[in-house]
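Me: Could you take me through this model? I would like the overall picture and then some details of the packing.

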Amino acid sequence: MNLQALKYIIEIERCGSISRAAEILHLSQPYLSKIVKEVENEFQISLFTRSKRGIALTESGQLFINMGKDLQESIDNFQSMFHSHLEYAQLRVSSRTCSHPFDTFVRMLQGMEEEKLRCVFREATNDSVISDIYTNAADIGILMLDHSTWQDAQGILEIKRIACHKLCSSRGYLLARSGHPLLARGTPVTMEDVYRHNFVMYEPQPRSRYNLVGDTHLSEAARMLDWDRIRQVVYVTSRAALRDILLRTDYLSFGLLDVRDQETNMGLVTFPFPEEMLLARRDDNYFFCYIYLKNRELSPICRRFIHYLKRYYGEGSDGLCPAGYSEEKSGPSQGETASHDDSFVL
């Protein structure tokens, strides 16, 4: 089977009809039917079932199409990479939705305004970040983990041979707009103060068959609140939506250590949980890690991004680490040197 035949079959599946696909591809219907038959004979499978209402994929056909689309996407990415922009530095970052990695990315861009770049910065769940690294859809990934999600991630990263380096750790905080009424009072926040306000949070992504690394946003802190006492809770999937709600209302959210120049650039501030929560909390340290495929040389711009990550958010990386950390070197790829305090073996 050649790649053109694969494209034809993917188009037939998209159209749900050989005749409709033939129209779009400017080919004859008998010719497309011949292509389908040749592929079916080559792989000894039946791709479609046919009826008066059109065609439908068989179970084997669905698997073929799914793998075929993945293959086609990889081929398109390969051709795009090597047929254009070869003179440009290229960086693909996949990050857990969080302001700190993106702030680092922007600071790096500010220092490279005269250089030729082609970059992608994608925000997603921890699972998607790991998948992006494993499938080579990203050069470097950023995870946000806690003690429970670390246990989930550890085995997956080992199996996929992905190197993982601790960047920094942080306890949880409350997050609100600058000038929020709770801050204007100048007194410590109490639980009753918290319950008088609404919350906006990222939509939780609990562990499941398809989501192996849990993604519940600051779940330990969230579990300490009696949510029946919160009048309104809004779940969002983007940083822009969360920030917009915080800036335009008196809603609260959960946050981590401050983004550099956070109040100036974002209009947001973090402040401690009420003392009652601090006394009741278990160990709820959260930490950032950056990941990449082992035994793969990192590009100069990728190493530069890691340098910026360490420069702006690497402080305090000797904080409390969950079980499974090691001070051994994890064998970073050529050109990437892991310091004593940011590396652990997977």
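The exchange below moves from the whole chain to helix pairs and then to single residues.

Me: Is this an experimental or a predicted model, and which helices and strands does it have?
Reply: It is a predicted model. The protein has 14 helices and twelve strands.

Me: How many residues are there, and what share of them is buried?
Reply: The protein has 346 residues, and 47% of them count as buried.

Me: What about the surface?
Reply: About 18,000 Å² of the protein is exposed, with carbon and sulfur atoms supplying 50% of that area.

Me: What share of the contacts with a separation of 6 or more comes from residues 24 or more positions apart?
Reply: Such residues account for 77% of those contacts in the protein.

Me: Let us turn to helix packing. At what angle do helix 1 and helix 2 pack?
Reply: Helix 1, residues 3-15, and helix 2, residues 18-25, pack at an angle of about 120°, and their axes are 8 Å apart. The two helices are therefore oblique to each other. Their crossing is right-handed.

Me: Which residues meet there?
Reply: From helix 1, Tyr8, Glu11, Ile12, Arg14 and Cys15 meet Ile18, Arg20, Ala21, Ile24 and Leu25 of helix 2. By class, this contact has seven nonpolar, no polar and three charged residues.

Me: And how do helix 1 and helix 3 cross?
Reply: The axes of helix 1 and helix 3 come within 10 Å and cross at roughly 110°. That makes helix 1 roughly perpendicular to helix 3. On the helix 1 side, Ala5, Tyr8, Ile9 and Ile12 take part, and they meet Tyr31, Leu32, Ile35, Val36 and Val39 in helix 3. The contact of helix 1 with helix 3 has nine nonpolar residues, with no polar and no charged ones.

Me: Which residues of helix 1 should I look at for both partners?
Reply: Tyr8 and Ile12 are among the helix 1 residues that meet helix 2. Tyr8 and Ile12 are also among those that meet helix 3.

Me: Where is serine 33, and is it buried or exposed?
Reply: Serine 33 is in helix 3. Its relative accessibility is 30%, so serine 33 counts as partly exposed. Serine 33 and isoleucine 9 are 24 residues apart in sequence, and their C-alpha atoms are 9.7 Å apart in space.

Me: A new pair, then. How do helix 5 and helix 14 pack?
Reply: Helix 5, residues 99-110, and helix 14, residues 300-313, pack at an angle of about 120°, with their axes 9 Å apart. They are therefore oblique to each other, and their crossing is right-handed.

Me: Which side chains should I display for that contact?
Reply: In helix 5, the residues are His100, Pro101, Asp103, Thr104, Phe105, Arg107 and Met108; they meet Ile301, Arg304, Phe305, Tyr308, Leu309, Tyr312 and Tyr313 in helix 14. By class, the contact has nine nonpolar, two polar and three charged residues.

Me: While we are on helix 5, what does serine 99 touch?
Reply: Serine 99 is in helix 5. Leaving aside residues up to four places away in sequence, serine 99 touches Arg239, Val259 and Met266. Its relative accessibility is 16%, so serine 99 counts as buried. From serine 99 to glycine 255 the C-alpha distance is 9.7 Å, although the two are 156 residues apart in sequence.

Me: Now the loops. Which residues other than glycine have a positive phi?
Reply: Glutamine 44 is one of them, with a phi of about 55°. Asparagine 136 is another such residue, with a phi near 65°.

Me: Where are they, and are they buried or exposed?
Reply: Glutamine 44 lies in the loop between helix 3 and strand 1, and at 67% relative accessibility it counts as exposed. Asparagine 136 is in the loop between helix 6 and strand 5; at 35% relative accessibility, asparagine 136 counts as partly exposed.

Me: Last one: where is aspartate 228?
Reply: Aspartate 228 is in the loop between helix 10 and strand 9. With a relative accessibility of 76%, aspartate 228 counts as exposed. Its C-alpha atom is separated by 9.5 Å from that of tyrosine 195, which is 33 residues apart from it along the chain.

Methods: Residues numbered from 1 in each chain as written. Predicted model: local features only at pLDDT ≥ 70, side-chain atom pairs only at ≥ 80, totals over all residues. Heavy atoms only, no water. Helix = DSSP H or I, 4+ residues; strand = E, 2+ residues; numbered from the N terminus. Buried < 20%, exposed > 50% of the residue type's maximum accessible area, 1.4 Å probe, protein only. Contact = heavy atoms within 4.5 Å. Areas by Shrake-Rupley, 256 points an atom, 1.4 Å probe, with all protein chains shown as cover. Axes fitted to C-alpha atoms, helices over the stretch in contact; angles between N-to-C directions. Parallel < 35°, antiparallel > 145°, perpendicular 65-115°, else oblique. Left-handed = near helix turned anticlockwise from the far one by under 90°. Nonpolar A, V, L, I, M, F, W, Y, C, P; charged D, E, K, R; others polar.
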